Amino acid sequence: MSYLVFARKWRPQSFDEVLSQEHVTVTLKNAIDTGRIGHAYLMTGPRGVGKTTTARIFAKALNCEKGPSSVPCQVCDSCRSITSGNHMDVREIDGASNRGIDQIRELREQARYAAATGRYKIYIIDEVHMLTNEAFNALLKILEEPPESVIFIFATTQPRKVPDTILSRCQRFDFRRIPVSDMSEYLRSEASGEGITLDDSALGLICRASGGSMRDALSLMDQLVNFSGNDIHGEDVARLLGLVRTDILADVTAGILRGDASGAVDRISVSLSEGYSVDELMDALLAFLRNLLLVAAGASESLREVPESELVLLRELAEGVPDIAVLNILRIMTGASIEVRRSNLPRVTLETAVMTASNLTRAFSLNTLPGVTARLSAVRAAAVDPGKVPGGTPGVEGAPSSGAPDLGQDDSDDEGEMEEGEVDQGVFQDYGDPAEEQVPAGSAYGAEEGDSGNGVREPEEEEAAGPSEDEPPEDDGPDRKKEQETSQQILGLFDAV
Ligand SMILES: [Zn+2]
């Protein structure tokens with residue numbers, strides 16, 4: 001037995017098996033059942049989504065000995081010879097290699113003769129946009145007066161390159177990319193029939209890499225089975241494709257969201273040593289953060305193409321995280337991605353961006369501590385008038401002028417009362433309000449550190465008995481010192497962003 005690649009082995013043989021193109025198959029079935037058959041059809045859409053497969057099924061339905069029937073019998077001589085690709089009256093022509101006028105003239109000669117055995121003589125011309133102008137003109141002459149019982153089915157990925165004179169004589173069907181959910185369900189079920197198992201991560205990566213093309217996905221499956229046998233994991237797919245694994249992206253993102261700069265940078269370091277390039281990591285991280293932003297913002301429609309396994313991770317990460325926080329991280333990373341391409345030291349640029357973003361969320365997290373929050377109001381006021389801060393520091397006085405006045409204006413001294421609409425400028429303000437509403441101390445941001453403020457880790461390590469999240473620190477002694485440091489840290493972030 002010769003080996004059949006999945007794309008051929010699993011090729012749909014009936015309209016109902018064609019995946020995710022119901023708008024096409026239902027129309028064609030109705031046309032057959034009501035006997036309204038045209039002379040020319042144009043199947044357009046991305047590669048590998050079922051255009052020529054549908055054309056073959058249409059040919060089969062029209063020429064089935066028990067038809068024409070929208071449900072061809074699959075067992076008569078006609079059906080079987082179309083399935084095996086050697087029916088005398090169904091000819092498949094590759095437009096890319098038969099693009100000249102001679103081939104079309106020859107076709108015109110043949111088309112004059114009645115079908116040999118079937119009901120219809122059917123020409124399926126793939127990549128029809130590749131024909132030369134002369135060939136198109138010759139083709140047009142046939143279409144202007146098509147011989148009875150001749151049907152043309154054209155397929156193309158680039159309908160714009162097909163002359164209008166041809167287009168206007170065709171019934172046009174636009175095929176769509178296959179949605180991730182349909183594709184992954186299909187792959188899983190077909191694979192399990194072959195004794196092949198795919199984990200969620202593998203399925204997600206295959207679907208993403210295929211870009212909605214089933215043929216690409218199936219070719220990848222062939223490669224994967226050769227690469228890793230019948231038990232396919234996400235790591236196998238990632239290695240084969242050179243893709244950044246979702247778990248790496250989730251780890252880095254989690255580090256940033258927790259304000260754990262060293263954790264995030266370490267994860268990047270490990271990934272680079274695994275062979276990923278800075279560019280690959282950066283691009284993948286941006287795409288991941290973009291999806292995280294959509295999850296945080298609740299934009300479900302835009303997430304249809306994201307594999308379910310990744311969505312689960314994204315939802316976990318987005319838990320309690322305001323979309324504005326993700327938006328600011330994404331802004332930092334987007335800016336850095338441009339720099340990465342220009343930089344002689346792209347790794348440094350990536351690491352710096354990740355650290356900046358981590359510090360930003362760390363500041364965000366700190367802002368939820370009641371004692372620090374109260375203290376910060378004073379610091380903000382001091383940004384306008386340094387004299388107001390008891391023990392004001394040079395760092396505070398030197399705060400950048402661009403951010404400082406905004407802080408003072410928008411937020412008087414009552415943190416909790418700020419309306420969301422007011423919070424729209426400046427990094428700190430963006431974070432300030434959602435933090436109090438959505439990320440109470442001890443939740444996603446700071447909890448994992450297991451102390452009262454991961455943002456002040458260094459002083460914290462020395463002062464093991466520091467204030468807990470539940471107990472607002474008194475405004476004196478070491479706490480005050482810490483808060484001053486914190487204030488400096490946060491204001492310093494305006495320089496970084
Ligand atoms: Zn049949």
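Helices (H or I, at least four residues) and strands (E, at least two) are DSSP runs, numbered from the N terminus. This is a predicted model, in which local features need pLDDT of at least 70, side-chain atom pairs count only at pLDDT 80 or more, and totals for chains, interfaces and linings use all residues. Residues are numbered from 1 along each chain as its sequence is written, and side-chain values use heavy atoms, with hydrogens and water left out.

**Exercise 1. Place Ile-232 in the structure and describe its surroundings.**

Step 1: Find the element. Ile-232 lies in strand β7, residues 231-232.

Step 2: Check the accessibility. Buried means under 20% relative accessible area, exposed over 50%, and partly exposed in between (1.4 Å probe, protein chains only). With a relative accessible area of 0%, Ile-232 is buried.

Step 3: List the partners. Contact means heavy atoms within 4.5 Å. Setting aside neighbours within four places in sequence, Ile-232 is in contact with residues including Ile-196, Asp-199, Ala-202 and Val-237.

Step 4: Look along the chain. Ser-201 is 31 residues from Ile-232, and their C-alpha atoms are separated by 9.5 Å.

**Exercise 2. Work out how helix α9 meets helix α11.**

Step 1: Start with α9 itself. This helix covers residues 200-210, and its buried residues include Ala-202, Leu-205 and Ile-206. Gly-211 follows α9 and has a positive phi, near 60 degrees.

Step 2: Compare the axes. Axes are lines fitted to C-alpha atoms, for helices over the stretch in contact, and angles run from 0 to 180 degrees between N-to-C directions. The axes of α9 and α11 (residues 234-241) come within 7 Å and cross at roughly 30 degrees. That makes α9 roughly parallel to α11, a label for angles under 35 degrees (over 145 is roughly antiparallel, 65 to 115 roughly perpendicular, the rest oblique).

Step 3: Name the residues that meet. From α9 come Ser-201, Ala-202, Leu-205, Ile-206 and Ala-209, and from α11 come Gly-234, Val-237, Ala-238 and Leu-241.

Step 4: Sort them. Seven are nonpolar, two polar and none charged; Ala, Val, Leu, Ile, Met, Phe, Trp, Tyr, Cys and Pro count as nonpolar, Asp, Glu, Lys and Arg as charged, and the others, Gly among them, as polar.

**Exercise 3. Trace the open sheet and the helix α5 that packs on it.**

Step 1: Write down the order. Five strands run β2-β3-β4-β1-β5 with parallel pairing; two strands pair if DSSP finds at least two bridges between them.

Step 2: Find the edges. β2 (90-94) and β5 (171-174) each pair on one side only.

Step 3: Follow one pair. Strands β3 (residues 121-126) and β4 (residues 150-156) run parallel and are joined by five bridges. Ile-122 has Ile-151 in β4 as its bridge partner.

Step 4: Add the helix. α5 (residues 101-111) touches β2, β3 and β4, and its direction makes about 165 degrees with that of β3.

**Exercise 4. Locate Leu-62 and find what it touches.**

Step 1: Leu-62 belongs to helix α3, residues 51-63, and is buried, with a relative accessible area of 0%.

Step 2: Not counting residues up to four places away in sequence, Leu-62 touches Ile-32, Ile-37, Pro-68, Arg-119, Tyr-120, Ile-122 and Ile-151. The last two are the bridge partners from Exercise 3.

Step 3: Gly-118 is 56 residues away along the chain, with a C-alpha separation of 8.6 Å from Leu-62.
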